[in-house]
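Colleague: I should like to examine the reasoning behind the labels applied to this model. Please set each value against its definition.

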Amino acid sequence: MQPGHAGVQAPYYALYHFGTSGAAVAAATAVTHPLDVIKVRLQMQLAGQRGNLVGMGTIFTQMVQMEGPRSLYLGLAPALTRSVIYGGLRLGLYEPCRYVCNYAFESTNFAFKFASGVIAGAIATALTNPTEVLKVRSQMSTSRISTIRVLKKIIAEEGLKALWKGVGPAMARAGCLTASQMATYDEAKQAMLKWTPLEEGLQLHLMSSCIAGTASTLVTAPIDMIKTRLMLQRECKGARAYKNGFHCAYQVVVREGVTSLYKGGFATFARLGPQTAITFVVCEKLRELAGMTAI
C-alpha cells in the first residue's frame, strides 16, 4: 500500500486524492471571494502613479454603493472553475512530488518539501492560467457581462495568447504559494505533533493552517500584485506598459515606490489566511471521510 492510501482502493485513489483537494479549495474560494475582488481593486489603484491609497473599507463601501453588493462576487464562476481544477492539481501534485524527492534523495526535509510545492504549483498554473485571466478581468469590470462574453472579447481584441498573459508571474506565485503553504503546513504540523500534546484533529489542522497562511502571504503578495498588473494590461491598442514580470516590478518600484509591491497586502492576508485555514481543514476532513490518511 502506497503512502496516503489508507483504506482507499488503488483505482479510486487518484480520483479521491485530486477530488478532495479541488473541493476544499473551491469551498474556501466561495467563502473568501469578496476579499479577492477587493484585493484586485486595491492592486490596480493609482497604477503607474504615486499618491495616497485608499484602504479595504473604502473600496468595499465604494463598490457596494456604486456597483451594488453583487459586485463583490464578480468573477465567481471562473474563480470556482479554476479552484476545482487548479486547486486539485496544486494540492494534489504536492504529495506525489514529495514522494519522488523522498525516493530519489531519501530525504523529505523542508527544502525538498518546498521544491515539491514549487513544482506542483507551477504545473497547475501553467494549465489553468486562462481561468485566472478571466477571473481578474471580470473582477475589474464595472458592467456585469458573462464570463463567456469576457472570453470572446479577450480573444477578439487581443488574441488567444492573451489568455496566458502573466503566466510567468502566475507560475512563480503559485509555486511560491504552494511551497510556502504546503511545506509550512507540513512542517508546522509535524513540529506540533512532536513538541506539543496536540493530536491529529481540528485544533492541530487549524493552528498549522494559520501559520501556513501567514507565511504564504508574506512570500506571495508582491508576486500576486505583479501578476494582476500583467493580466489586466491591454495589448489591443498602443504599446504595452509592462514587457514582462521583471519589467513590471521595476516600473512599479520606480513609479510608485517599493511599498507598492504590497498594495492590497492586507486584503491578501485577510483573504489568504482564512482561505488557507478553510482549505486545509476541509481537505483533511474530506480525506478522513474518504478513508485516506492525513496530509
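Colleague: How many Å does helix α8 span between its end C-alpha atoms, and what would a straight helix of 31 residues span?

Modeller: Helix α8 (residues 202-232) spans only 39 Å between its end C-alpha atoms, whereas a straight helix of 31 residues would span 45 Å at 1.5 Å a residue. The expected span is 1.5 Å times one less than the number of residues. Helices here are DSSP runs (H or I, at least four residues), numbered from the N terminus. This is a predicted model, in which local features need pLDDT of at least 70 and side-chain atom pairs count only at pLDDT 80 or more, while totals for chains, interfaces and linings use all residues. Residues are numbered from 1 along each chain as its sequence is written, and side-chain values use heavy atoms, with hydrogens and water left out.

Colleague: Where in α8 does a kink lie?

Modeller: The kink, of about 50°, lies at T220, shortly before the proline P222. The bend at a residue is the angle between two fitted axes, one for the seven residues ending there and one for the seven starting there.

Colleague: What makes T228 buried rather than exposed?

Modeller: T228, a residue of helix α8, has a relative accessible area of 0% and is therefore buried. The term buried means under 20% relative accessible area, exposed means over 50%, and partly exposed is in between (1.4 Å probe, protein chains only). Leaving aside neighbours within four places in sequence, T228 is in contact with V40, Q43 and M44; contact means heavy atoms within 4.5 Å.

Colleague: Why does V40 count as buried?

Modeller: V40 counts as buried because its relative accessibility is 1%. V40 lies in helix α1 (residues 10-44). Not counting residues up to four places away in sequence, V40 touches V136, Q139, M140, T228 and L232. The C-alpha atoms of V40 and R137 are 9.7 Å apart in space, although the two residues are 97 apart in sequence.

Colleague: Is L42 buried or exposed, and how do you know?

Modeller: L42 has a relative accessible area of 4%, so L42 is buried. L42 also lies in helix α1. Beyond four places in sequence, its contacts are V54, G55, M56, I59, K263, G264 and A267.

Colleague: Why is A267 called buried?

Modeller: At 1% relative accessibility, A267 meets the criterion and therefore counts as buried. A267 is placed in helix α10 (residues 265-289). Outside the four nearest places in sequence, A267 touches L35, K39, L42 and M56. The C-alpha atoms of A267 and S146 are separated by 25 Å, with their positions 121 residues apart along the chain taken as the sequence separation.

Colleague: What relative accessible area makes A79 buried?

Modeller: A79 has a relative accessible area of 2%, and is therefore buried. A79 is found in helix α3 (residues 76-92). Not counting residues up to four places away in sequence, A79 touches T29, H33 and K135.

Colleague: At what angle do α3 and helix α4 pack?

Modeller: α3 and α4 (residues 94-105) pack at an angle of about 20°, with their axes 5 Å apart. That angle makes α3 roughly parallel to α4. Axes are lines fitted to C-alpha atoms, for helices over the stretch in contact, and angles run from 0 to 180 degrees between N-to-C directions. Angles under 35 degrees count as roughly parallel, over 145 as roughly antiparallel, 65 to 115 as roughly perpendicular and the rest as oblique. R90, L91 and G92 of α3 make the contact with Y94, E95 and P96 of α4.

Colleague: Why are α5 and α6 called roughly perpendicular?

Modeller: The axes of helix α5 (residues 110-140) and helix α6 (residues 147-158) come within 10 Å and cross at roughly 105°. The two helices are therefore roughly perpendicular to each other. V133, L134, R137 and S138 of α5 meet T147, V150, L151, I154 and E158 of α6.
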